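The following report describes the architecture, interior and surface of one protein chain. The sequence and model are shown first.

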Amino acid sequence: MNITSYLKSKIATRLLAVLLSALLTVPLLASCGGGSRNANVPPPIDDTAGRTVSDRAPANQPQAKKGLGTGQKVALLAGAAALYYLYNQHKNAQSEGAQGKYYLSKNGRVYYRDAQHRAHWVTPPPEGIQVPESQAQQYRDFQGYNGRSTGRDLSDIAPSSAPAL
């Protein structure tokens, strides 16, 4: 083998090694992009610190009365029970925003989408939601039903096909 053919094969071998190395880094670099399936969907906005979503009636409407009197009996829903109640109240709504349709994520959280399709986490009011006892019975197994700190959370009922957000 003469020197020129040796140099040509050495250069060709190096070029091939560089090309193969570059090809092996393409999948690694492509996986760092964050995925393209959610490229148009912005990340959820966690505005739980600034405000809460409430389903309470306005101040000028009469509230249900507590106790055993002649008024309607109510249950207090907080935590997971209140969140599930809010989700059920809004899951079939047609509009967008805080008073629109609510969704249940795979991780057991409830969110809604604003006009720009950004997700916002829903946080029940800290003082809870007063609900007629007849409606509240379906939430009795959840955390926060009438002040209970034990019970189910929403991850138990989250659909597996829901987004994880």
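## Salt bridge and its surroundings

At 32% relative accessibility, Arg-118 counts as partly exposed, where buried means under 20% relative accessible area, exposed over 50%, and partly exposed in between (1.4 Å probe, protein chains only). The structure is a predicted model, in which local features need pLDDT of at least 70 and side-chain atom pairs count only at pLDDT 80 or more, while totals for chains, interfaces and linings use all residues. Residues are numbered from 1 along each chain as its sequence is written, and side-chain values use heavy atoms, with hydrogens and water left out.

Arg-118 forms a salt bridge with Asp-114, with 3.0 Å between the closest N and O atoms. The term denotes a side-chain nitrogen of Lys or Arg within 4 Å of a carboxyl oxygen of Asp or Glu, and by this rule the count comes to one. Asp-114 counts as buried, because its relative accessibility is 10%.

## Overall architecture

The chain holds three helices and five strands, taken as DSSP runs (helices: H or I, at least four residues; strands: E, at least two) numbered from the N terminus. From the N terminus on, the order of the elements is α-β-α-β-β-β-β-α. Of the 165 residues, 26% count as buried. With contact meaning heavy atoms within 4.5 Å, residues 24 or more positions apart account for 61% of the contacts with a separation of 6 or more.

## Helix 2 and the nonpolar core

Helix 2 covers residues 79-90 and has twelve residues, which at 1.5 Å a residue should span 16 Å; the end C-alpha atoms are 17 Å apart, in agreement. The expected span is 1.5 Å times one less than the number of residues. Ten of the twelve residues are buried, so helix 2 is largely enclosed by the rest of the structure. Among the buried residues are Leu-83, Tyr-84, Leu-86 and His-90. The buried residues of helix 2 pack against strand 1 (74-77), strand 2 (102-104), strand 3 (110-113), strand 5 (129-132) and helix 3 (133-136).

A nonpolar core is a set of buried Ala, Val, Leu, Ile, Met, Phe, Trp, Tyr and Cys residues joined through side-chain atoms within 4.5 Å. The largest such core has 21 residues, and Leu-77, Tyr-102, Val-110, Val-122, Tyr-139, Tyr-145 and Leu-154 touch the most other members. Strand 1, helix 2, strand 2, strand 3 and strand 5 each supply at least two residues of this core, and helix 2 gives the largest share, seven residues. Beyond its neighbours within four places in sequence, Leu-77 contacts residues including Ala-82, Tyr-85, Ile-129, Val-131, Tyr-139 and Tyr-145.

## Surface and backbone

The chain exposes about 11,000 Å², of which carbon and sulfur atoms supply 55%; accessible areas come from the Shrake-Rupley method with a 1.4 Å probe. Leu-16, Leu-19, Leu-20 and Leu-23 make a nonpolar surface patch of about 390 Å². Such patches consist of residues with over 30% relative accessible area and no salt bridge, nonpolar side chains (Val, Leu, Ile, Met, Phe, Trp, Tyr) being joined within 5 Å and like charges within 9 Å. Leu-20 lies in helix 1 (residues 3-31) and counts as partly exposed at 45% relative accessibility.

Two residues other than glycine with positive phi are tabulated below.

| Residue | Phi | Location | Relative accessibility |
|---|---|---|---|
| His-117 | near 65° | loop between strand 3 and strand 4 (119-121) | 46%, partly exposed |
| Asn-146 | near 50° | segment after helix 3 | 43%, partly exposed |
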